[in-house]
Amino acid sequence: MASRRLIITLIALMLVMAQQNLAGATTSDSGDYGGHGGFKGSGLEAGVWVVDPASGEKVPAPPGFVSNDPNQYSYDLQCQVDADTLAIACLPGQLQCPPRAEDGKAGVPVIWKVAPRSITNPTWAEWKPNGNGPACLYDEKPEDLLPRIAARIEQDFKNLPITPASVTAQPSPHTLRGAETNIFADATEQQFDVTILGQRVHLVATPVEYTYSYGDGTTFGPTPMAGGPLPQEEWGQKTRTSHVYGQTGDFPVAVTTSFRGTYSVNGGPALPVPGTGRFASPAQTLQVWRSVTRHYADDCNVNPAGEGCPGWVPPPGEK
């Protein structure tokens, strides 16, 4: 019986060592694996993460760290049971992380954890954004990698091919001097999947503010109001984003939309992108005409070309 127990123990030990080798672990005692306890020598030191309110970075929580995020984050190996144990039965079915194309580095399957930041030594719950479960991490020290992504995410966000709001005027393409012209924006939330420093980054851009340029030197905003269309019978009524032109002419009407973003790395928690990205729409030309009221006594049946009749041609320059 002793020999049989020894054989079973050796098989279990071999399975654990094979899993550690697949995850890129070593046999040294250079570090701990996991956010709140883990395997020696893996090179991964997740710690407890919070979001820095000044930079938006997800960083290991130092003593006395203050954040606006109500949560703190951590992760464990997918098959980790406690600080020194893997679930042997879990290993065959765990997430397979293919080697990264640029350097051939093997990924490590992890489970994200979340807990209220206000609790010390909390009970961690599994974090499943969008229903996702295990995720792959590829860097030997993700606590070093994620701040590097956070340091460049604001500029990368501003360089995304975000579609700005479209701008519409009612009435259009002609309106009247001295009348309310309803001008409104139409923007949508947009999502992007990009690769930053070899990691999968999912970004969401949400429109939050609009700045209207009416083309006559006046602007309105930034404002959270996008405005909206009016039925034709209500054209000429004042709206929150309407404008009254005091002169006739052709005016380029445009809107600049401010988008706020969030990003997640390798399926991890959604973190805020610092600042906003501003994206301008192409200008729409609006022709402003003047209205003239006249009284006529001419009979258009007798004189179809009389002033005010359908066949009348206005003098040059008069619209």
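Two strands count as paired here if DSSP finds at least two bridges between them. Keep that in mind as you look at this predicted model, because the walk below starts from a sheet built on such pairings.

The sheet in question is open and has three strands in the order β9-β11-β15, with antiparallel pairing. Its edges are β9 (166–170) and β15 (243–244), each with a single partner strand, so one side of each is left without a neighbour in the sheet. If you zoom in on β9 and strand β11 (residues 180–186), you will find five bridges joining them in the antiparallel sense. One spot to look for is Q170, whose bridge partner in β11 is N182.

Now step back to the whole chain. Its secondary structure comes to two helices and 19 strands. Of the 319 residues in the chain, 39% are buried. Among contacts with a separation of 6 or more, 65% are between residues 24 or more positions apart. As for the surface, the chain exposes about 17500 Å², and carbon and sulfur atoms supply 54% of that area.

Strand β3 (residues 71–77) is a good next stop. This strand is mostly covered, with six of its seven residues buried. β3 runs antiparallel to strand β6 (residues 108–116), and seven bridges join the two. Along this pairing, Y73 stands opposite V114 in β6. Q72 also lies in strand β3. With a relative accessible area of 8%, Q72 falls under the 20% limit and is therefore buried. Q72 also shows how the fold brings distant parts of the sequence together: its C-alpha atom is separated by 9.9 Å from that of P269, although the two residues are 197 residues apart along the chain.

Another glutamine worth finding is Q199, in strand β13 (residues 199–213). Q199 is buried, at a relative accessible area of 1%. Its side chain makes a polar contact with the side chain of N266, at 2.6 Å.

From here, turn to the interior. The largest nonpolar core has 46 residues, and those with the most contacts inside it are F157, I162, I183, L203, Y210, Y245 and Y263. The largest share of this core, six residues, comes from β16. F157 makes a handy landmark: leaving out residues up to four places away in sequence, it touches I162, L203, V204, A205, F259, R260, G261, V273, G277 and F279.

Two of those neighbours, F259 and F279, lead us to the aromatic rings. The structure holds four aromatic pairs. In one of them, the rings of Y212 and Y214 have their centres 6.4 Å apart and their planes at 10°, so this pair is stacked. Both Y212 and Y214 are buried. In contrast, the pair formed by F259 and F279 is edge-to-face, at 5.7 Å centre to centre with 80° between the planes. Because F259 lies in strand β16 (residues 249–265) and F279 in strand β18 (residues 277–280), this pair ties together parts that are 20 residues apart in sequence. F259 is buried at 0% relative accessibility, and F279 is buried too, with a relative accessible area of 11%. Returning to the tyrosines, ring pairs link Y212, Y214 and F220 into a cluster.

The backbone also connects the strands that carry the two phenylalanines. β16 and β18 pair in the antiparallel sense over four bridges, and T257 stands opposite F279 in β18. Follow β18 along its length and you will see its side chains alternate. G277 and F279 point to one face and are buried, while R278 and A280 point to the other and are not.

Our last stop is S281, in the loop between β18 and β19 (284–289). Is S281 buried or exposed? With a relative accessible area of 8%, S281 is buried. Not counting residues up to four places away in sequence, S281 touches P164, A165, V167, A254 and V255.

Technical notes: Residues numbered from 1 in each chain as written. Predicted model: local features only at pLDDT ≥ 70, side-chain atom pairs only at ≥ 80, totals over all residues. Heavy atoms only, no water. Phe/Tyr/Trp six-rings, centres within 6.5 Å; stacked < 30°, edge-to-face > 60°. Buried < 20%, exposed > 50% of the residue type's maximum accessible area, 1.4 Å probe, protein only. Contact = heavy atoms within 4.5 Å. Areas by Shrake-Rupley, 256 points an atom, 1.4 Å probe, with all protein chains shown as cover. Polar contact = N/O pair within 3.5 Å; in protein donor to acceptor, adjacent residues only side chain to side chain. Core = buried A, V, L, I, M, F, W, Y, C linked by side-chain atoms within 4.5 Å.
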